[in-house]
Amino acid sequence: MRLVALFLAFWTLALPAAAQDIIADLSQSRVAITASFSGSEILVFGAVRHEPGAAPYDPANPELDVIVTVSGPLEPVTVRKKARKAGIWINAEALEIDAAPALYKVASSLALEDILGAEEDLRHHISIPHAIREIGEVGEVGDADAFTEALIRIRTEAGLYEEMPYDVQLKEQTLFRANFELPSNLVEGVYTVRIFLTKDKQIVSDYTRVLNVRKVGIERWIYNLAQDHALVYGILSLAIAIAAGWGASAAFRYARGS
Amino acid sequence: MQIYLPIAEISVNAFLLLGLGGMVGILSGMFGVGGGFLMTPLLMFIGIPPAVAVATEANQIVASSFSGVLAHLRRKTVDFRMGMVLQVGGLIGAGIGVVVFNFLKSLGQVDLLITLSYVIFLGVVGGLMFIESVGALRRARSPNATPPPRRRQRGWVQTLPFKMRFRASGLYISVIPPILVGICVGILAAIMGVGGGFIMVPAMIYILGMPTKVVVGTSLFQIIVVTAFTTLMHATTNHTVDMALAVLLLVGGVIGAQIGTQIGTKLKAEQLRVLLAGLVLLVCGKLALDLLLEPSELFSIGLSGGHS
């Protein structure tokens with residue numbers, strides 16, 4: 001009850017500023033990882049609900065822009081850098097990054113920096129560098145920025161991080177859609193889809209949806225067995241190996257007719 | 001055909017895995033090596049996380065070694081007695097190896113140690129074997145050369161107590177050298193995450209003086225037990241054995257092992273040793289280059305927490 005009251009209070013407070021609202025949905029609310037999973041696509045679509053009596057759409061002076069982000073589960077990662085010591089290349093420095101999304105894609109109706117102010121970016125963690133939460137330990141490595149850049153570079157090359165400017169199609173300041181490719185090396189977890197409506201580089205409205213990525217069928221069964229009944233799983237793996245070894249041997253003997 | 005691996009959490013081509021399994025299986029059947037020293041780097045190269053690659057590889061080696069050992073059993077080229085003695089040493093060694101591994105892990109730089117030990121052992125073993133077997137081949141080619149006196153047992157091996165008769169190998173030697181060999185291989189196997197066949201095979205030929213014919217089958221027999229133990233350890237502590245990946249690899253692997261055993265019987269022992277030596281040196285060279293040349297990407301990403 002108190003929550004509702006609080007929400008109402010905020011809503012009425014925010015009302016004058018929020019002249020626009022977002023209504024949106026995803027083409028699917030869950031992604032099932034099956035044995036033959038080889039990537040997926042997700043369509044984010046929706047509309048901007050304008051306040052009654054708002055200025056009519058003026059094609060010469062569009063003022064609204066849309067940013068859509070898809071973020072995988074956050075996980076801590078270690079970035080290591082090799083250096084030459086005594087003639088061989090070894091891991092020398094390492095930087096712990098508190099939380100980096102396993103996947104992060106940000107699409108926008110124009111170039112991101114043209115429609116989003118730096119402060120808003122920082123507050124809402126929208127651009128890729130800001131989506132990665134950095135660390136407490138200062139002075140551990142010489143140049144921490146180089147490590148975060150490397151993380152972004154490697155994951156961008158792997159198709160996990162992507163900036164997609166001009167990839168949100170916005171029609172008549174109202175209808176929008178954005179298509180995201182999910183790569184085949186997707187990890188399980190709860191993904192977040194966020195939609196931001198910006199005006200004069202300020203966020204005027206935002207909307208969040210959750211996307212569940214789950215293994216199903218045999219994938220689910222194998223994963224659960226490996227986690228919950230590790231000994232059974234290990235013995236089963238060995239049994240399969242022994243059976244396969246014996247099977248091949250028997251088959252070959254039969255084929256040679258001896 | 002793409003398949004999503006449930007533990008590795010990556011989608012890969014099933015035929016690629018079958019092919020890799022088959023190729024390594026052929027080598028396994030021919031030389032009596034598990035093939036882990038080849039397969040583990042190959043799996044990492046196609047994007048399988050290292051922890052999953054090491055654990056799953058152990059499981060696959062069980063299958064291809066079992067398939068290979070059955071073929072050798074029918075030809076009675078497995079010395080069970082020697083296998084058991086080596087096993088005793090191997091399990092002691094594996095226990096020591098795990099302790100050493102964890103100690104080095106706490107110091108950091110365990111990756112470097114693994115690569116360095118690969119380079120050193122592959123280099124030394126491969127080099128010695130290559131020189132010896134090329135020499136043997138040359139002697140076999142020249143028809144009027146007298147065969148060198150066959151020295152199966154080294155002097156110091158003869159003087160040790162606790163002698164035992166190994167009928168299949170035609171040896172009557174002390175059990176101490178085989179146990180020591182087993183311990184050394186066990187330590188290395190635990191640290192390097194392989195069955196240890198590529199060290200075991202030369203050790204049996206050159207230190208214990210076993211005939212090459214028996215060495216392959218006996219080595220396979222010993223590898224089965226070591227890798228089965230490793231698989232269980234990885235499955236219960238790290239949860240990194242990927243059953244789907246293992247099945248694909250081992251289907252290719254067991255077929256390859258049968259073919260490899262066939263090829264092995266048609267080649268001379270010296271030829272087999274030259275080929276194995278060449279292979280070992282090749283892998284060694286690749287790993288050494290990785291250490292010596294400046295990598296194109298200086299940075300690497302690892303998940304913190306859980307496994308390293």
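How many residues of domain 1 of chain A are in contact with domain 2 of chain A, and how many of domain 2 take part? The count is 8 residues of domain 1 of chain A and 5 residues of domain 2 of chain A. Contact here means heavy atoms within 4.5 Å.

**The model**

This is a predicted model, in which local features need pLDDT of at least 70, side-chain atom pairs count only at pLDDT 80 or more, and totals for chains, interfaces and linings use all residues. Residues are numbered from 1 along each chain as its sequence is written, chains are lettered from A and ligands numbered from 1 in the order in which they are written, and side-chain values use heavy atoms, with hydrogens and water left out.

The model scores ipTM 0.73 and pTM 0.72. pLDDT is the predictor's confidence in each residue, from 0 to 100. Chain A has a mean pLDDT of 83, with 85% of its residues at 70 or more. Among the elements of chain A, strand E7 (residues 104-108) has the highest mean pLDDT, 93, and helix H1 (residues 2-14) the lowest, 55. Over residues 12-17 of chain A the pLDDT is below 50. That stretch has 0 contacts in the model beyond near neighbours in sequence. Where pLDDT is low, the predicted coordinates should not be read in detail. Chain B has a mean pLDDT of 78, and 87% of its residues reach 70 or more.

**Two domains in chain A**

Chain A splits into domain 1 (17-215) and domain 2 (216-258). These bounds come from an automatic or database domain assignment. The C-alpha centres of the two domains lie 41 Å apart. Between them, about 590 Å² is buried, and carbon and sulfur atoms give 56% of it. Buried area is the accessible area (1.4 Å probe) that two parts lose on being put together, summed over both.

There is 1 salt bridge between the two domains. There are also 3 residue pairs in polar contact, both residues at pLDDT 80 or more. On the domain 1 side, strand E2 (30-33) and strand E12 (202-215) of chain A each give two or more residues. The largest share, 3 residues, comes from E2(A). Helices (H or I, at least four residues) and strands (E, at least two) are DSSP runs, numbered from the N terminus.

**Where chain B meets chain A**

Here 50 residues of chain B are in contact with 58 residues of chain A. The two chains bury about 4700 Å² between them, 66% of it on carbon and sulfur atoms. Tyr4(B), Met243(B) and Phe299(B) supply 17% of the area that chain B buries against chain A, more than any other three residues.

Chain B and chain A share 1 salt bridge and 13 residue pairs in polar contact (both at pLDDT 80 or more). A polar contact is a pair of N or O atoms within 3.5 Å; within protein, one must be able to donate a hydrogen and the other to accept it, and residues adjacent in sequence count only if both atoms are side-chain atoms.

**Salt bridges**

Side chains of opposite charge can pair when their charged atoms come close. A salt bridge is a side-chain nitrogen of Lys or Arg within 4 Å of a carboxyl oxygen of Asp or Glu. Over all chains, the whole structure holds 9 salt bridges. The table gives some of them.

| Pair | Closest N to O |
|---|---|
| Glu188(A) and Arg220(A) | 2.3 Å |
| Glu9(B) and Lys215(A) | 2.8 Å |
| Glu75(A) and Arg155(A) | 3.4 Å |

The pair Glu75(A) and Arg155(A) links distant parts of the chain, 80 residues apart. Glu75(A) sits in strand E5 (residues 74-85) of chain A, and Arg155(A) in helix H5 (residues 144-157) of chain A.
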